[in-house]
Amino acid sequence: MQLTLEFGGGLELLCDSVKVHNVSVDMPKGAEKLIMKDLLGWVRTNLIKERPEMFMKGDTVRPGVLVLVNDCDWELSGQLDTTLEEKDVVVFISTLHGG
Amino acid sequence: MQLTLEFGGGLELLCDSVKVHNVSVDMPKGAEKLIMKDLLGWVRTNLIKERPEMFMKGDTVRPGVLVLVNDCDWELSGQLDTTLEEKDVVVFISTLHGG
Amino acid sequence: ITAVHHDLTPEMIHRYSRHLLLPSFGVKAQSNLINSSILVVGAGGLGSPALLYLAACGAGRLGIVDHDVVELNNMHRQVIHTEAFIGQPKVKSAATTCRSINSSVQIVEHHEALRTSNALEIFNQYDVIVDATDNAPSRYMISDCCVLLGKPLVSGAALGLEGQLTVYNYNGGPCYRCLFPTPPPTAACQRCADSGVLGVVPGIIGCLQALEAIKIASAVGEPLSGRMLLFDALAARIRIVKIRGRSPQCEACGENATFTQQQFQEFDYEKFTQSPLTPSPLKLKLL
Amino acid sequence: ITAVHHDLTPEMIHRYSRHLLLPSFGVKAQSNLINSSILVVGAGGLGSPALLYLAACGAGRLGIVDHDVVELNNMHRQVIHTEAFIGQPKVKSAATTCRSINSSVQIVEHHEALRTSNALEIFNQYDVIVDATDNAPSRYMISDCCVLLGKPLVSGAALGLEGQLTVYNYNGGPCYRCLFPTPPPTAACQRCADSGVLGVVPGIIGCLQALEAIKIASAVGEPLSGRMLLFDALAARIRIVKIRGRSPQCEACGENATFTQQQFQEFDYEKFTQSPLTPSPLKLKLL
Ligand SMILES: [Zn+2]
Ligand SMILES: [Zn+2]
């Protein structure tokens with residue numbers, strides 16, 4: 001499945017400072033769909049190059065990270081259970097505090 | 001065909017000051033597709049309530065109006081010949097000079 | 001322009017004529033603005049442009065909270081301060097500039113750090129709160145205080161070459177804790193002083209904060225509630241995304257929330273976020 | 001921070017430390033900025049924030065062109081001017097404020113209306129041009145002059161509750177005439193003075209102009225060339241759209257264009273657009 005993954009708010013520093021990643025992610029074996037829980041595992045394995053604890057905590061993203069699927073907060077689409085579709089855009093962004 | 005039409009930069013004043021119009025536009029009789037030339041005629045007939053010369057000149061938009069199909073200048077997609085698809089977003093915006 | 005009952009003096013009619021000419025703003029919205037009060041917490045990178053535009057537009061009363069003094073390394077982004085005020089309180093410097101551009105606005109100087117001990121009393125005096133601070137504990141404290149008092153909160157942030165903006169606790173929308181119930185790890189809470197910021201980035205976000213505060217105070221347009229603006233200056237990209245609504249489970253604003261003013265005054269935001277409210281300055285070494 | 005050859009004085013290292021800390025900006029980009037020159041045409045609603053941030057960020061030389069004087073009805077949006085300067089030249093007022101926030105920047109005052117007779121000579125002295133004017137003939141004249149001299153042009157506009165921004169004539173991208181080969185009808189050329197403008201809207205666009213000028217002058221990031229930002233303040237919506245590239249048929253920059261400096265100096269932009277370069281002020285009547 002072709003997806004666009006974007007990292008911002010400093011999370012790009014965990015992926016060699018690259019913000020936009022056009023990736024191809026396979027369905028889990030035996031599964032008929034790809035959900036956000038699968039994608040998080042894939043991202044952690046394939047894109048996060050350092051300090052994975054700054055990206056995840058337990059089986060979800062760490063506190064202070066917003067996840068957006070097609071410009072919409074994943075809390076509105078089922079969080080970890082959100083089903084992904086071909087060409088979806090998923091944004092991971094860390095909240096900023098500076099000023 | 002369901003389309004979203006948006007007017008900005010003052011052009012909304014020609015359509016009762018409404019900026020966003022969700023509309024359903026029929027294919028021209030006997031045609032297999034809807035192109036921008038057809039849509040301009042439809043807009044002029046159905047949405048423009050006053051001063052049509054501020055929207056069109058001849059068979060195209062007047063000078064100073066940008067036309068965007070799915071956030072892309074219609075000059076890049078064939079201008080009047082651009083073929084429209086279901087759920088396309090077409091923006092008509094007048095260039096501003098103020099400051 | 002037709003006759004409308006209004007509180008505008010002839011001087012105001014002249015000063016704000018370009019607002020009054022606008023069909024979607026006009027005398028009604030300008031009167032609302034002149035009868036409103038807005039508090040800006042922080043007279044730094046975000047607060048500088050926010051205060052300039054809130055003073056210029058004619059907000060009736062404009063409060064500034066800050067405990068800091070103007071330093072040379074602020075001046076690349078904090079454009080409300082002049083070199084003549086280096087070493088002096090930011091509140092005094094910002095108030096002086098605001099008065100110099102619009103003497104008809106009442107400027108209130110709160111020269112103190114915002115704390116749980118004074119936040120309720122200060123916020124109570126204003127209709128709209130603008131969070132222009134630079135650290136996580138302040139953001140939780142300001143949001144909680146706004147929930148307790150029912151005040152809309154215009155929240156901006158900027159770091160490096162990115163900025164973020166949203167409106168909290170407005171018209172049934174979410175509060176800061178609805179989005180971030182658990183504080184981030186300390187290592188994720190970088191400040192401009194530690195990590196740097198391109199000066200014009202808080203400039204852009206601070207102007208957008210002024211716009212949202214003006215829209216709320218004058219009751220025009222659709223404030224950025226339930227939505228968040230994400231700005232990437234380097235790529236020149238902006239996303240406006242849909243965020244969650246008010247969370248029924250929120251400890252501050254949820255259905256069963258029991259957070260009281262008393263508890264607020266006793267809450268330790270520094271311990272909660274494991275970050276200081278007023279961090280010590282960084283010393284830069286450059287060869 | 002590692003050792004890099006640079007032209008920064010200790011005072012500059014202190015002042016710009018938050019820029020120097022940024023991995024994607026740093027000493028190299030700051031040095032580029034300090035060695036650059038930027039011209040802002042118009043010290044009004046767009047020029048005010050653009051000049052504040054360009055002075056603060058450390059552009060080496062900053063020029064201001066304007067022929068106008070400060071008026072009370074400018075002050076709701078032109079935040080660089082103080083009440084003390086009402087009746088005095090905008091160039092003088094803006095230059096005074098710029099110097100007060102950053103005395104290390106060289107501020108050049110061009111107190112004159114931009115005309116075909118002086119534009120080439122003035123533009124020749126700068127690396128980047130910022131169009132912060134408010135009328136159609138100036139926009140064509142500025143773009144044509146930038147094409148003739150090969151200067152990048154950061155163009156912003158604001159009216160009512162909307163704003164627009166793009167970069168012209170940059171790195172093979174389109175010029176103003178590529179997009180608008182034929183001038184619009186006069187009735188479509190409203191100015192802020194006629195139709196009104198919410199003051200903070202040019203504030204936001206002017207800050208974005210400063211950002212684009214900084215990116216070009218310091219050679220970082222992706223300038224907004226071939227793209228246009230469309231801002232709707234009331235709805236809090238922003239689109240960044242893809243626009244056409246350089247037009248081979250463009251009369252100013254196209255493959256067969258023959259437009260010379262001589263022709264530029266003789267071109268009548270007022271007749272071409274049927275609008276005056278320096279329009280007369282409007283008298284507002286309000287009951
Ligand atoms: Zn809440
Ligand atoms: Zn051209």
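This short talk goes through two zinc sites, two chain interfaces and one loop residue of a predicted model.

Some ground rules come before the details. Because the model is predicted, local features need pLDDT of at least 70 and side-chain atom pairs count only at pLDDT 80 or more, while totals for chains, interfaces and linings use all residues. Residues are numbered from 1 along each chain as its sequence is written, chains are lettered from A and ligands numbered from 1 in the order in which they are written, and side-chain values use heavy atoms, with hydrogens and water left out.

Let me start with the zinc ion (ligand 2), whose protein donors are the SG atoms of D:Cys175, D:Cys178, D:Cys250 and D:Cys253, lying 2.3 Å from it. Donors here are N, O and S atoms within 2.8 Å of the metal (3.2 Å for Na, K and Ca), and water is not among the atoms, so sites may look incomplete. The angles among the four donor atoms run from 93 to 119 degrees, and the site is tetrahedral, a label given to four donors if all angles lie between 85 and 135 degrees. For comparison, the ideal angle for four tetrahedral donors is 109.5 degrees. Along the chain the donors of the zinc ion (ligand 2) follow the spacing C-x2-C-x71-C-x2-C. Distant parts of chain D are linked in this way, since D:Cys178 sits in helix H8 (residues 176-179) and D:Cys250 in the loop between strand S8 (237-242) and helix H11 (261-266), 72 residues apart; helices (H or I, at least four residues) and strands (E, at least two) are DSSP runs, numbered from the N terminus.

Turning to the zinc ion (ligand 1), its protein donors are the SG atoms of C:Cys175, C:Cys178, C:Cys250 and C:Cys253, at 2.2 to 2.3 Å, and with angles of 92 to 119 degrees among the four donor atoms this site is tetrahedral. Are C:Cys250 and C:Cys253 buried or exposed? C:Cys250 is buried because its relative accessible area is 6%, where buried means under 20%, exposed over 50% and partly exposed in between (1.4 Å probe, protein chains only). C:Cys253, at 10%, also counts as buried.

Next, the interface of chain D and chain C. The contact (heavy atoms within 4.5 Å) takes 75 residues from each of the two chains. About 6,500 Å² is buried between them, 67% of it given by carbon and sulfur atoms; buried area is the accessible area (1.4 Å probe) that two parts lose on being put together, summed over both. Two salt bridges are found across this interface, a salt bridge being a side-chain nitrogen of Lys or Arg within 4 Å of a carboxyl oxygen of Asp or Glu. D:Glu83 forms a salt bridge with C:Arg15, with the closest N and O atoms 2.6 Å apart.

Between chain A and chain C, the contact takes 27 residues from chain A and 38 residues from chain C, and the buried area is about 2,600 Å², with 57% from carbon and sulfur atoms. On the chain A side, A:Leu96, A:His97 and A:Gly99 lose the most area to chain C, together 30% of what that side buries. The count here is seven salt bridges, and in one between C:Arg237 and A:Glu6 the N to O distance is 3.0 Å.

Finally, D:Ile86 lies in the loop between strand S2 (61-65) and H5 of chain D. D:Ile86 counts as partly exposed because its relative accessible area is 38%, and, leaving out residues up to four places away in sequence, D:Ile86 touches D:Val70, D:Leu72 and D:Met75.

Notes: Four donors count as tetrahedral if all angles lie between 85 and 135 degrees; four count as square planar and six as octahedral if opposite donors are over 155 degrees apart and all others between 65 and 115; anything else is irregular.
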